[in-house]
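I opened my notebook for a quick look through one chain. Here is what I looked up, entry by entry.

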Amino acid sequence: MAALVNCRAVFQPFRAQINFIGGVCKRDSVLHAFLTKRAPRCVRLSSSDVKSGDDLIVRYLDGDDSGIVVLGINRPQSKNAISKNLVTMMSEALESLKQDNKVRTVVLCSMVPGIFCAGADLKERAKMQQSEVGPFVTKARTLITELGTLPMPTIAAIDGAALGGGLEMALACDIRVAASSAKMGLVETKLAIIPGAGGTQRLPRTVGVSVAKELIFAARVLSGDQAKSLGLVNHAVEQNKSGDAAYLRALDLAREFIPQGPIAIRMAKLAINQGIEVDLKTGLAIEEACYAQVIPTKDRLEGLQAFKEKRPPHYKGE
């Protein structure tokens, strides 16, 4: 497993013990009793579980959920606002994930009840010199671009407010799941600025140009149900007492992806992402090139053999 070295992100498999050996994080198996109960949740950790300053919790799930990685934003004192430190830690985490072929799906969620991400940390921003603002926004934009270009599927689980940069982060994910009570919107025009981390580009590509203009011009905040009706989120679910209904639905989706061929999923994502930006003829050429990448794989042969033997395939990403 790839590990983050010299960064403050914490790797914590659910209810599993973590051993650090020479700077490498080694995963133990999740307790069987925990696995046989309900699905692991993005639980709200106590102060004894999370060290001060652990703004990002990175969890590698185990057992039947092996291959799913959960990124949990954890800045309760700032409503998960995007700070310099969070940008640094998320960038390091994404770089690690990008290089790990064992990762099948990434779920982005919040460790803080009622909040996904409130956007930029305006208190920190107010202390910046004018010359610092531009470079910080560039780093944040680069981070969200990196999230959008991860080779494996990404799912944003929006169990609370996702405003400004928080919604831009969710828009960079392949799939969005929201609690019906969640609030989301690109509200930057209220502050006499514009979305600066991809919102003006990704929102119209998601809901259409005219609708995106209306939402941004009005700085409108939508509920999860309203977002679903516009196609901004794939699924809207009723919130539960634990406040993690969107996360649990995201986990269910991730579990649907796990049995499929991992190389095929990565190539399908690449074909879609690149093809949607070009004309159909060029897009078909991109699809052909991506298809060519799966032909020599062992997984393709395993799929054919499993079909012949009428059994579930066992894909290894080879």
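**Notes on the fold**

I began with contacts: among those between residues at least 6 apart in sequence, 67% join residues at least 24 apart. I should jot down at the outset that I am reading a predicted model.

Next I looked up the secondary structure and found 12 helices and 13 strands in the chain. The chain has 318 residues, and 47% of them count as buried. I also checked the surface: about 16200 Å² is exposed, with carbon and sulfur atoms supplying 55% of that area.

**The largest pocket**

I then turned to open space. How much space lies in the largest pocket? I noted about 910 Å³. For its lining I counted 28 residues, and Gly148, Ala172, Asp174, Asn273 and Ile276 lie nearest the centre of the pocket. The elements that each give two or more residues to this lining are α4 (130–148), β10 (175–179), α6 (199–207) and α10 (262–275). Which of them has the largest share? My entry reads α10, with 9 residues.

**Closed cavities**

I looked for enclosed space too, and the count came to 2 cavities of 30 Å³ or more. The largest cavity has a volume of about 50 Å³. I listed its lining as Arg104, Thr105, Pro153, Phe257, Ile258, Gln260, Pro262, Ile265 and Arg266. Here α10 turned up again, giving the most to the lining of this cavity with 3 residues. I underlined that helix, since it leads the lining of the largest pocket and also that of the largest cavity.

**Two residues I checked**

Is cysteine 109 buried or exposed? I put cysteine 109 down as buried, because its relative accessibility is 1% and the cut-off for buried is under 20%. I found this cysteine in strand β6, which spans residues 105–110. I also took one distance: the C-alpha atoms of cysteine 109 and alanine 170 are separated by 9.5 Å, with the two residues 61 apart along the chain.

Leucine 122 was my other pick, and I located it in helix α3 (residues 122–126). I wrote leucine 122 down as partly exposed, because its relative accessible area is 45%, a value that falls between the 20% and 50% cut-offs. What does Leu122 form with Leu191 and Ile193? I recorded a nonpolar patch on the surface, and together the three residues have about 270 Å² of accessible area.

Note on methods
Residues are numbered from 1 along each chain as its sequence is written. This is a predicted model: local features need pLDDT of at least 70, side-chain atom pairs count only at pLDDT 80 or more; totals for chains, interfaces and linings use all residues. Side-chain values use heavy atoms; hydrogens and water are left out. Helices (H or I, at least four residues) and strands (E, at least two) are DSSP runs, numbered from the N terminus. Buried means under 20% relative accessible area, exposed over 50%, partly exposed in between (1.4 Å probe, protein chains only). Patches are made of residues with over 30% relative accessible area and no salt bridge: like charges are joined within 9 Å, nonpolar side chains (Val, Leu, Ile, Met, Phe, Trp, Tyr) within 5 Å. Accessible areas come from the Shrake-Rupley method with a 1.4 Å probe; for residues, only the protein chains shown count as cover. A salt bridge is a side-chain nitrogen of Lys or Arg within 4 Å of a carboxyl oxygen of Asp or Glu. Contact means heavy atoms within 4.5 Å. On a 1 Å grid over the protein atoms alone, a cavity is a set of points where a 1.4 Å probe fits but cannot get out, and a pocket is an open set with protein on both sides within 12 Å along at least five of seven lines; lining residues have an atom within 4 Å of a point. Grid points are joined across faces, edges and corners, and a volume is the space filled by probe spheres set on the points.
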